[in-house]
Structures are given as structure tokens and as C-alpha cells.
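Please look over the model shown below before reading on. The briefing that follows takes up its contacts with DNA, its metal sites and the relation between its copies.

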There are 2 protein chains.
Amino acid sequence: MARRPANPISESMDDYLKAILVLGGSEGKKVTSTALARRLNVTPASITNMLQKLAASTPAMVQYERHHGVQLSSAGKKRALEVLRHHRLIETFLYEVLNYPIEEVHDEAERLEHFISERFEERIAAKLGHPKFDPHGHCIPALDGRMPKDSSMRLTDVRDEGTFIIDSISDIDARILKVLKVRGISPGVQLRVRDIYEDHGYAVSIGSSKKILQLSQADSAAIKIQPM
Amino acid sequence: MARRPANPISESMDDYLKAILVLGGSEGKKVTSTALARRLNVTPASITNMLQKLAASTPAMVQYERHHGVQLSSAGKKRALEVLRHHRLIETFLYEVLNYPIEEVHDEAERLEHFISERFEERIAAKLGHPKFDPHGHCIPALDGRMPKDSSMRLTDVRDEGTFIIDSISDIDARILKVLKVRGISPGVQLRVRDIYEDHGYAVSIGSSKKILQLSQADSAAIKIQPM
DNA sequence: TACTCGATTTAGGTATGCCTAAATATTAGG
DNA sequence: CCTAATATTTAGGCATACCTAAATCGAGTA
Ligand SMILES: [Mn+2]
Ligand SMILES: [Mn+2]
Ligand SMILES: [Mn+2]
Ligand SMILES: [Mn+2]
């Protein structure tokens with residue numbers, strides 16, 4: 001499709017950059033081809049191909065040394081944050097303005113993030129009052145690309161009983177998102193860890209409720225928390 | 001890009017179908033390759049190529065006989081109306097909800113129409129109260145594809161002085177759209193033809209104003225009217 | 001009924017982005 | 001330090017959608 005060449009950065013390139021940003025964390029750790037391949041659902045060969053292109057573009061979008069992983073360059077990071085901002089603003093918009101069920105916002109945002117204009121971005125941000133967080137609890141990069149550092153931890157790293165605040169829920173798996181929603185597990189809610197089944201999930205309770213909920217390992221892996 | 005193959009109808013195919021619908025009018029007249037090439041800004045060779053594909057697909061999207069133009073099949077018409085509905089709903093949404101200036105809605109809609117889900121379509125339609133017309137005065141196809149027959153005429157077909165109601169303004173040229181907006185020319189407004197300069201435009205007045213406005217031929221060609 | 005010229009199609013090529021299978025490089029275990 | 005298993009890259013292909021240049025078609029005129 002040679003017909004939308006205005007911007008030299010393609011939809012695919014954006015998805016790769018975003019994946020590198022998320023997998024590399026805010027510290028910008030090196031990301032392996034295999035990790036990218038798994039996340040983007042393409043073969044490792046395709047990853048190599050795209051990484052070569054991203055490294056060769058002007059300006060370079062990544063630093064890439066074969067067999068040793070990739071990192072975003074500053075141009076790549078800027079672009080990735082821009083797309084991430086689109087994604088999270090759109091999710092917030094779908095949820096707040098169009099009343100989407102929480103588990104449906106991600107897939108729609110994943111597509112639209114590549115096609116909205118700067119004007120669209122600006123207008124929905126204004127309509128939403130320039131929100132800082134999306135409905136999953138993830139923070140939305142500012143226009144200048146700045147983003148407060150994330151101090152949350154994974155529920156699956158918890159080894160002792162205790163009380164926490166739910167920071168965010170992973171938006172990737174709609175099924176899990178819906179299961180957790182039904183059980184009242186969402187960002188900002190208080191979560192008490194009652195029992196730990198090594199690598200097989202947790203028993204928790206929500207808010208001041210005494211009711212014990214069993215979370216599978218997969219469910220638990222989707223949850224990030226803050227100590228109270 | 002082999003990665004969004006879920007729907008066998010590509011973005012490009014949609015644009016071709018929509019163009020055939022609009023150029024062929026509601027009567028479904030045959031459309032020439034050249035007309036399509038001009039409208040879609042591609043070479044005639046590319047048109048031939050795509051028409052062959054559209055005719056060969058199952059179900060066939062067009063009836064096409066080489067050297068003799070194309071028409072939409074019923075499947076093609078259904079699809080074209082679906083995309084046109086997306087387009088016009090999005091334009092209305094941008095205008096009404098996101099307060100876009102009228103001359104900016106078209107380009108954004110032209111892109112987004114291909115990427116919104118049925119849920120998005122349904123939600124914005126509901127939010128807008130299931131509108132029948134877009135902000136340019138064009139009617140929005142219903143969910144089932146039905147659309148009232150258009151009884152408007154072109155301003156440029158007017159040969160005698162007289163009074164009309166502005167039916168719609170072409171959304172294709174943002175510059176003209178803005179010029180006309182500034183002069184108060186928009187759908188629903190009363191327009192009086194004061195003078196006719198054969199193929200070089202019109203002198204008109206708006207509403208009950210006495211002020212004479214000079215419209216170039218290009219400006220006039222963008223306006224459709226109804227007799228009062 | 002031919003001719004001619006504009007319209008249309010065919011042929012051959014480019015760029016993306018993806019895939020599979022066959023190398024090859026890295027790294028961890030012995 | 002060597003080797004085997006694993007990770008990664010290279011090579012060769014496919015599909016989409018576009019383009020230019022070279023045929024070819026067909027409608028209107030002589
Ligand atoms: Mn998301
Ligand atoms: Mn995406
Ligand atoms: Mn439009
Ligand atoms: Mn379009």
C-alpha cells in the first residue's frame with residue numbers, strides 16, 4: 001500500500017516501537033527478538049527484518065546489534081510514547097465518552113491509535129480534561145512525552161499476606177479483564193492478600209469485604225499493586 | 001501488510017467501491033476507468049487491476065466488462081453503503097461531539113471509516129441520536145443500507161434567477177468548504193441566484209440579506225440546491 | 001467502411017511486510 | 001575450552017497495491 005506515505009513511519013513500525021518500549025520498561029533495557037516475536041505474533045525472522053529497517057532509518061529508531069537485542073533511540077522513544085499516548089487516550093475516550101465495556105477498549109484502540117490525527121488527539125484530550133490515567137490504571141504520556149515513573153509491583157511478586165491498592169490491570173487479555181471486572185477488581189480498589197499458592201495463584205479479598213476470591217496465576221499476573 | 005486479513009475486503013477495495021457508488025449515482029450508472037482514476041488519484045492501469053480483482057472476488061463486488069465500465073453488484077453496493085455510513089457518521093461525530101471545523105471533518109473521516117468497529121459505529125450513532133444527515137447535508141445510509149432518494153440539483157445547472165434552499169455542499173475540497181462557510185453558505189440556508197455568468201460562476205445572496213456574493217465556477221460546483 | 005486518437009488494458013517493476021526453511025552465532029553445561 | 005541446544009539471521013517466496021511504458025481497443029469521422 002504505497003498510498004499513505006506522508007509519514008515515513010508505518011503502522012507496523014509503530015507497533016514494533018511500542019512493543020520495545022513496553023518490554024524494555026522505563027529504564028530502556030535491551031529487548032530480545034524472541035520476546036518481540038512473541039508479543040507481536042510474528043516470526044523471529046520478521047522481527048530481524050524490521051529491526052534492521054528501524055536501525056537503518058534516518059533518524060535511527062533503535063540501536064540494534066545483531067544477536068544482542070534492541071533498545072529505542074531517543075527518536076524511537078519519542079515516537080513510541082506518542083503512539084502510547086494515542087492508545088491510552090483513545091481507551092479513556094471509548095470508556096468515558098462512548099461507554100465501552102472495559103474489556104473492549106483495547107482492541108479498538110490498538111487499531112485506531114495509528115490513524116487518528118493530532119487534531120483528534122488534542123480534541124479528545126480536551127474533552128476528557130487531559131486525563132493522567134487510562135481506565136486500566138496506566139498512566140498516559142504527556143504531550144511532551146513525559147511520564148511519571150511507575151512505582152507499582154506485580155501481585156505475582158507478593159510472598160506474604162498483606163494489604164495493597166490495585167494500581168493497574170493489564171489490558172492485553174479481554175477475557176481476564178472481564179473476569180476481574182465481574183469480581184470487582186479494578187484500579188484504586190483495596191486488595192488484601194489472604195493466601196499464597198506458590199505459582200498457582202492467590203486468595204484475596206476486596207475492599208472491606210470478607211469474601212475470599214480465588215485468583216488463578218494468569219489472573220494474578222494481570223494485576224499490579226502498590227503497598228498501602 | 002498481510003496482518004489484518006480477518007476481513008477479506010481491504011481498505012483500498014472499500015475506497016474503490018465507495019467511489020463507484022458516488023460516481024455512478026443512486027441509479028448505478030456505469031462508471032469509466034478514467035473517472036475512477038481521477039477521483040482516486042491513481043493511474044488508469046491501477047484501476048483496471050483493481051476492477052479485475054473486484055469482479056473476480058466471491059461474491060463479485062462489481063460487474064465489469066473490459067472497455068465498458070463498471071457497476072456495483074448488490075454485494076458491492078451493500079459494502080459501499082456500509083463504508084459511506086461510517087464516513088458520514090464519523091463526520092457528524094467529529095463536528096457535533098468533537099467540535100471540528102467543518103472543513104476538517106472529511107479527511108479525518110476518510111481515514112477512520114476503514115478502521116472503526118461495528119461497536120464504534122453503533123455507539124456514535126446512538127450518541128448522535130441516529131442522525132439522518134451529515135454536516136455537509138448529505139444523507140447517512142441507514143443500518144440496512146436504505147437511503148432516501150436524492151432530489152437535489154446542482155447550482156451549476158441553474159439557468160435562471162430564482163430562490164432555492166441549499167441542500168448540501170461537497171466535502172471534497174476543504175478550501176472551498178471554508179470559503180463557503182465564511183460567506184454563510186451552508187445546508188438549509190436560503191440562496192437567491194441574482195446573476196449568471198455562463199460557466200464562470202454566479203452572483204447570489206443568502207437568506208434575506210441584500211448583499212451580493214460572487215461565487216466562482218468551482219465554488220458553485222460544490223453546491224447542491226432544492227427549489228423552494 | 002476504414003482511420004485515428006483517446007481510453008483502457010497488459011506487461012513488467014517497486015516497496016511493504018509477512019512467512020518457512022536453512023544457515024549461523026551465542027551461550028550454558030560438561 | 002568445547003559442544004550442543006537455543007536464539008537469531010539469511011535466503012527465498014508470497015500477497016497487496018501502486019507505477020510507467022507499451023500494446024490494444026473502440027467510437028466518431030471521413
Ligand atoms: Mn490497551
Ligand atoms: Mn496498534
Ligand atoms: Mn466526506
Ligand atoms: Mn477512505
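In A:Arg66, a polar side-chain atom lies 3.3 Å from a phosphate oxygen of DNA strand D, a polar contact being a pair of N or O atoms within 3.5 Å, where within protein one must be able to donate a hydrogen and the other to accept it, and residues adjacent in sequence count only if both atoms are side-chain atoms. This is a predicted model, in which local features need pLDDT of at least 70 and side-chain atom pairs count only at pLDDT 80 or more, while totals for chains, interfaces and linings use all residues. Residues are numbered from 1 along each chain as its sequence is written, chains are lettered from A and ligands numbered from 1 in the order in which they are written, and side-chain values use heavy atoms, with hydrogens and water left out.

**DNA strand D**

- Two further phosphate contacts come from chain B: a side-chain N or O atom of B:Tyr16 is 3.3 Å from a phosphate oxygen of DNA strand D, and a polar backbone atom of B:Thr43 is 3.1 Å from a phosphate oxygen of that strand.
- The elements giving two or more residues to the surface near DNA strand D are α2 (33-40) and α3 of chain A together with α1 (11-24) and α3 of chain B; helices here are DSSP runs of H or I with at least four residues, strands are runs of E with at least two, and both are numbered from the N terminus.
- DNA strand D is surrounded by 24 residues, the closest being A:Thr34, A:Thr48, A:Tyr64, B:Ser10 and B:Lys53, where near means that a heavy atom of the residue lies within 4 Å.
- Of the atoms of DNA strand D that come within 4 Å of the protein, 86% belong to sugar and phosphate.

**DNA strand C**

- Around DNA strand C there are 24 residues, and the closest are A:Ser10, A:Lys53, B:Thr34, B:Gln52 and B:Tyr64; sugar and phosphate make up 84% of the strand's atoms within 4 Å of the protein.
- The side chain of B:Tyr64 places an N or O atom 2.3 Å from a phosphate oxygen of DNA strand C, whereas for A:Tyr16 a polar side-chain atom lies 3.2 Å from a phosphate oxygen of the strand.
- B:His67 contributes through its backbone, with an N or O atom 3.1 Å from a phosphate oxygen of DNA strand C.

**Manganese sites**

- The manganese ion (ligand 1) has the protein donors A:His87 (NE2), A:Glu91 (OE), A:His106 (ND1) and A:Asp171 (OD), at 1.9 to 2.0 Å; donors are N, O and S atoms within 2.8 Å of the metal (3.2 Å for Na, K and Ca), and water is not among the atoms, so sites may look incomplete.
- A:Glu91 lies in helix α4 (residues 74-96) of chain A and A:His106 in helix α5 (residues 105-112) of chain A, so this pair ties together parts that are 15 residues apart in sequence.
- A:Glu91 counts as buried because its relative accessibility is 0%, buried meaning under 20% relative accessible area, exposed over 50% and partly exposed in between (1.4 Å probe, protein chains only).
- The manganese ion (ligand 3) is held by B:His87 (NE2), B:Glu91 (OE), B:His106 (ND1) and B:Asp171 (OD), lying 1.8 to 2.1 Å from it.

**Relation of the chains**

- Chain B can be laid on chain A with an RMSD of 0.1 Å by a turn of 180 degrees and a shift of 0.0 Å along the axis, with copies superposed by least squares on the C-alpha atoms of residues with pLDDT of at least 70 in both.
- That is the relation of a two-fold axis.
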